[in-house]
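User: Hi! Could you walk me through some local features of this protein? I would like to see the reasoning as well as the answers.

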Amino acid sequence: MRFDVITLFPELFEPFLASGVTRRAYASGQVQVRLWNPRDHAEGNYRRVDDRPFGGGPGMVMMAGPLARCLAAIRADRAEDQPAPLVLFSPIGRHLDHAAVQGWSASAGAVLLCGRYEGVDQRFIDAHVDVQVSLGDFVLSGGEIAAVALLDAVARLQPGVLHDAGSHQLDSFNPALDGLLDCPHYTRPEQWQGAGVPAPLLSGHHAQIERWRRDQRLLLTARHRPDLLQAARARGQLTRADEALLVQSQDLL
Ligand code: SAH
């Protein structure tokens, strides 16, 4: 799949594209990322990409012209029959979640537009933007962090990117498993600042370890995200043993 990112700060992406396990997804081309700077499509000596808002007020607004020319260059380069959707990162959008990430990771990709300043001229949004995506109910100074979040989450879902093929199956929110939160993890040393490791994890008994992990997923989710537990129940993903544990642990929650 291919993502074309429109950003005034392409250099912000480089470390994320070159580091960590997700680097393999980008290097192998499983997730192709091309960076486009609207400034390269700006006009005049000053290569203006932003201007003052009509009606006054603070801040600057990203101009429609450079964005439209940048988008046209991307569309020509992608040369697709079915144009890839243009995603604008914005507080207006739906919050990014696992289902959306899974959708993108099974898609042909998208064009991602990172806003800056007060945002993007509404006429460009009306003419070209297909979907708006938010990272949450807070305001970032630019869409780049949201774009990196989406790319990273998509890249780690690609086959072969994580060292252990099953690893993301067990991660939080995976509805194919149960959609619950992940269990706690421990590593050496066995004692750290007076704190030990839960006994089942040291038992060497596979079934006991699996039961402990399952119980932890259930309890953590019941405590922190009861909505996810309810959704798992509705999908028929809770066993009798799961329900028994939850009843038994009611006082702990
Ligand atoms: N004036 C806007 C905020 C602009 S912040 C408002 O109050 O809603 C500049 C850019 O950062 C936005 O255009 C958008 O691309 C990005 N951005 C800010 N908050 C975001 C969020 N929660 N999720 C995704 N992108 C966000």
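**Helix packing and local backbone**

Analyst: Happy to help, and please keep in mind that this is a predicted model. A good place to start is the buried residues of α9, which pack against α8 (206–224) and α10 (240–248).

User: Which residues of helix α9 are buried, and on which side of α9 do they sit?

Analyst: Helix α9 spans residues 226–234, and its buried residues are L228, L229 and A232. Around the axis they cover an arc of only 100 degrees, so they sit on the same side of α9.

User: At what angle do the axes of α8 and α9 cross, and is α8 parallel or oblique to α9?

Analyst: The two axes come within 5 Å, and the crossing angle of α8 and α9 is roughly 125 degrees. Angles of 65 to 115 degrees would count as roughly perpendicular and those over 145 as roughly antiparallel. The crossing therefore makes α8 oblique to α9.

User: Which residues make that contact, and how many of them are nonpolar, polar and charged?

Analyst: From α8 come L218, T221, A222, R223 and H224, while α9 brings P226, L228 and L229. Sorted by class, the contact of α8 with α9 has five nonpolar, two polar and one charged residues.

User: Which residues of α10 are buried, and which are exposed?

Analyst: D242, L245 and L246 are the buried residues of α10. They cover an arc of only 100 degrees around the axis, which puts them on the same side of α10. These buried residues pack against α8 and α9. On the other side of α10, the exposed residues are R240, V247 and Q248.

User: What is the phi of G236, just after α9?

Analyst: G236 follows directly on the end of α9. Its phi is positive, with a value of about 75 degrees.

User: Which residues other than glycine have a positive phi, for instance in the loop that holds Y117?

Analyst: One of them is Y117 itself, in the loop between β6 (109–113) and α5 (122–128). At 36% relative accessibility, Y117 counts as partly exposed. Its positive phi is near 60 degrees.

User: And Q193, where is it found, and is it buried or exposed?

Analyst: Q193 also has a positive phi, about 50 degrees, although it is not a glycine. It is found in the loop between α6 and α7. Its relative accessibility is 68%, and exposed means over 50%, so Q193 counts as exposed.

User: Which residues does the cis peptide bond at P189 join, and what is its omega?

Analyst: P189 is found in the loop between α6 (144–155) and α7 (199–202). The cis peptide bond joins R188 and P189, with an omega of about 5 degrees.

User: How many disulfides are there, and how far is C114 from the nearest cysteine sulfur?

Analyst: A search of the whole structure finds zero disulfides. A disulfide needs cysteine sulfur atoms within 2.5 Å. For C114, the nearest cysteine sulfur is that of C70, at a distance of 11 Å.

User: Are C114 and C183 buried or exposed, and what is the relative accessible area of each?

Analyst: Buried means under 20% relative accessible area. C114 is buried, with a relative accessible area of 1%. C183 is buried as well, and its relative accessible area is 7%.

Conventions: Residues are numbered from 1 along each chain as its sequence is written. This is a predicted model: local features need pLDDT of at least 70, side-chain atom pairs count only at pLDDT 80 or more; totals for chains, interfaces and linings use all residues. Side-chain values use heavy atoms; hydrogens and water are left out. Buried means under 20% relative accessible area, exposed over 50%, partly exposed in between (1.4 Å probe, protein chains only). Helices (H or I, at least four residues) and strands (E, at least two) are DSSP runs, numbered from the N terminus. The arc is that of the directions from the helix axis to the C-beta atoms. Contact means heavy atoms within 4.5 Å. Axes are lines fitted to C-alpha atoms, for helices over the stretch in contact, and angles run from 0 to 180 degrees between N-to-C directions. Angles under 35 degrees count as roughly parallel, over 145 as roughly antiparallel, 65 to 115 as roughly perpendicular and the rest as oblique. Ala, Val, Leu, Ile, Met, Phe, Trp, Tyr, Cys and Pro count as nonpolar, Asp, Glu, Lys and Arg as charged, and the others, Gly among them, as polar.
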